Amino acid sequence: MLKTFHIGGVHPNDNKITADAPIEVFPILDKVYISMAQHLGAPATPVVAKGDKVKVGDVIGEPAGFISGYVHASVSGTVTAVEPMKDLAGKLVMHVVIAVEGDEWRPEIDRSSDIVRDIKLSKEEILDKIKLSGIVGLGGATFPTHVKLSPPPGKKAEFLILNGAECEPYVTADDRIMREQSEQIFIGGKIMLKALGIERGFVGIEENKKAAIAQMKETGKKYPELEVIILKKKYPQGGEKQLIEAITGRRVPSLGLPIDVGVVVQNVGTALAVYEAIQKNKPLVESVVTVTGQCISQQRNLSLRVGTSFSQILDAIGGIPKDAAKFISGGPMMGKAVSNIDASVLKGTSAFLMLTEEQTKRKEEINCVRCAKCIEACPMGLEPWLLNKLSRARRYDDLEKEKIYDCIECGCCLYTCPSNIPLLDIIRISKAEVTRIMRSRPKK
Amino acid sequence: MSIVLFTIICLSVIGLLLAIILYVVSKKFHVEEDPRIEIVEALLPGANCGGCGFTGCHAFAQSAVESPSLDGHFCPVGGNDTMAKVASALGQEVKVQQKMVAVVRCNGTFDNREKSNYFDGYKSCKVALSLYAGETNCRYGCAGFGDCVEVCAFDAIHVDPKTGIPEVDQDKCTACGACVKACPQSLIELRAAGPKNRRVCVSCRNMDKGALTRKACKVGCIGCGKCAKVCPFGAIKIENNLAYIDFNLCKLCKKCVDECPTGAIEAVNFPIKVPKSATTLETPQTQAPQPKVATPIEQKENNSKE
């Protein structure tokens, strides 16, 4: 019996079209637009000005708070503008625009493909370097990694879990890096184990990635401290809380964090980035993006410089596809719709998905038939139909009793609803309202 | 037959017993309440809309009776008439307040503001705007899904399907402020209705720099400050690239309307100016100065015809 989480979950068609397409290095174009909001928390403060010359790896943004991160130049050239520009949701975010001139890297960055296995740095040095390299969680939430690797006082990590579940349909970025750079991922995992001061970890991979599992198991023989666990295919297995339950059987308490049950979860992409930062001195300036969708002919896995715009990718695949009606950054379940194609690729961008009108069109909402499918599907054990009803009546106190704050916004309820009720749309709004009310209360 | 009789007797006895219990309880646990509260409450509209700032009409009446003066008590729905009645019932005085009306400060109609994308999710402004900046390039403008329409208890606001912007029915609007709270873009403001319902207002909330605003909308306020300079009463302030007209200072001279380069300032319900030379040429029907809701565009067109 393969391991999985026990409550809820859905089984969307996985559509991993690009699973067998090797990662291609996307050419560097004339300009990049690097957003200062590459991570969760406060956007970085730009430290370059118009006219400055930068090399790949130069710091262009410094953290503006505890939960924030460094941003580095992903190309070499001249800074042509430091100004607010629209991000993929049309909101203004500070961007640094760099006109490309050649491809000159900082001298300390080791660009050879040799694998460096010895971990020389101490725990503190590792954490410091991860911070300086601007590494963020590449699973989607882009939470600064150094914060996650420093458990708050009084809490102790027992296990590290490397998340290779990649349960989102279409996306194959993690699958590809596990096949192509498995040893680097294990070394990255070892570095993180050292940073946490623990001995044991797991790598969770869903069963549908056969080649990646074989490759990781093979490489894993040399790294007994990180055990590869094969998981049953079920969405949202890649969710932190679901993955912890699937692998360790522990359930993260309501309003708690994984560290409360002694677990730290990191994406395999993050492990690779950590390896490159610690062993190769390379900050996070590249991102593996799956460009996919049934409406395009050239579905590919691309290794892009951070700051390449979506329109530049579209130009490279031959313009906007005819049938494309919706662009999504990330997977179809939790990805964000791209309303502005001039927005750029961020560190945490895992996919650029194009869907046709037929695939995205929402059907007309009809009455709830009390079939309870949403309850069955919710991986957090909530009752989405009830949350929807209470939300429409704005009964925030009752919503709090129903633990709306536990919602992970995975979209299983919306996916499964036969009446096409926009459950998640409505729940998300009242979740924000309820958490706002809870935060505004004086702390005891 | 006996079953029917038995049932009737049973129910009557239960009913009687319960009536006695209710009577005893209501006598025993009677709460002394100021009888004036009931009188004042009867004078109020009973909409329980919360526009006065209290939780409902009863709470308003209670507070009005208990507080020494009527300052801070104003029923926007009933208006000055109701307040005069309340004041006379309580033997107090109340200041006459000017009539207010809800004003939607966005003129980003389909013609003025091009759509850059379509929102496919749940049709609610709050939902759409929590996800992204909206269907157009203006991130401050009206989303047009009608969250304000939903909360209006008086059927006074409707989204015009031709423009996509909510229109307020002045006669029905009671200025309760429900739509003001509902609008996630804070576009709706309660403004003085003005003499003969005439008023001047900056119909824009875009705080971006001029160039960005221009790209997003034809009639956006670019914060150029021309209106503030031309205003003889100092009623216009420019803050964050946006002009705001203080309706308490505005004397409706309309100088700013003529000065505004983008047409962001809207003058409402003024009779359309007909130049003297044109009067003699045009037929009498068209030039009758009917008060009409005039958008700046119509006025500009009129001016250009001169």
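The following questions and answers introduce the predicted model shown above.

Local features are given only at pLDDT of at least 70 and side-chain atom pairs only at pLDDT 80 or more, while totals for chains, interfaces and linings use all residues. Residues are numbered from 1 along each chain as its sequence is written, and chains are lettered from A and ligands numbered from 1 in the order in which they are written.

Reader: Into which domains is chain A divided, and how many Å separate their centres?
Author: The bounds come from an automatic or database domain assignment. Domain 1 of chain A covers 1-26 + 117-361, and domain 2 covers 373-440. Taken over C-alpha atoms, the separation of the two centres is 26 Å.

Reader: Of the residues of domain 1 of chain A that touch domain 2 of chain A, how many are nonpolar?
Author: Contact requires C-beta atoms, placed from the backbone, within 7 Å; 15 residues of domain 1 of chain A and 15 residues of domain 2 of chain A meet this way. Nonpolar residues are Ala, Val, Leu, Ile, Met, Phe, Trp, Tyr, Cys and Pro; Asp, Glu, Lys and Arg are charged, and the others, Gly among them, are polar. On the domain 1 side, 1 is charged and 5 are polar, and the nonpolar residues number 9.

Reader: Which residue of β12(A) stands opposite A:Ile161?
Author: Strands (E, at least two residues) and helices (H or I, at least four) are DSSP runs, numbered from the N terminus, and two strands pair if DSSP finds at least two bridges between them. Strand β9 (residues 159-164) of chain A pairs with β12(A) in the parallel sense over 5 bridges. Opposite A:Ile161 in β12(A) is A:Val265.

Reader: Which residues of β12(A) point the other way from A:Val263, A:Val265 and A:Asn267?
Author: In a regular strand the side chains alternate between the two faces of the sheet. Strand β12 (residues 263-267) of chain A has 5 of its 5 residues buried, that is, with 20 or more other C-beta atoms within 10 Å of their own C-beta, placed from the backbone (exposed: 12 or fewer; partly exposed: in between). A:Val263, A:Val265 and A:Asn267 point one way, and pointing the other way are A:Val264 and A:Gln266.

Reader: Which residues touch the most other members of the largest nonpolar core?
Author: A nonpolar core is a set of buried Ala, Val, Leu, Ile, Met, Phe, Trp, Tyr and Cys residues joined through C-beta atoms within 7 Å. Leaving aside neighbours within four places in sequence, the contacts of A:Ile161 include A:Phe202, A:Leu243 and A:Val263. In this core of 194 residues, those touching the most other members are A:Ile161, A:Val274 and B:Ile245.

Reader: How many residues of α7(A) are buried?
Author: Helix α7 (residues 268-280) of chain A reaches 17 Å from its first C-alpha to its last, close to the expected 18 Å, which is 1.5 Å times one less than its number of residues. Its buried residues include A:Val274 and A:Tyr275. Of its 13 residues, the buried ones number 12.

Reader: Which strands stand at the edges of the sheet β2-β8-β7-β4 (chain A)?
Author: This open sheet of 4 strands has antiparallel pairing, and 5 bridges join β2(A) to β8(A). Each edge strand has a single partner, so one side of each is left without a neighbour in the sheet; these strands are β2 (31-35) and β4 (53-54) of chain A.

Reader: How many residues of chain A are in contact with chain B?
Author: Chain B has 13 helices and 8 strands, and 36% of its 306 residues are buried. From chain B, 13 residues take part in the contact, and the residues of chain A number 12.

Technical notes: Two residues are in contact if their C-beta atoms, placed from the backbone, lie within 7 Å.
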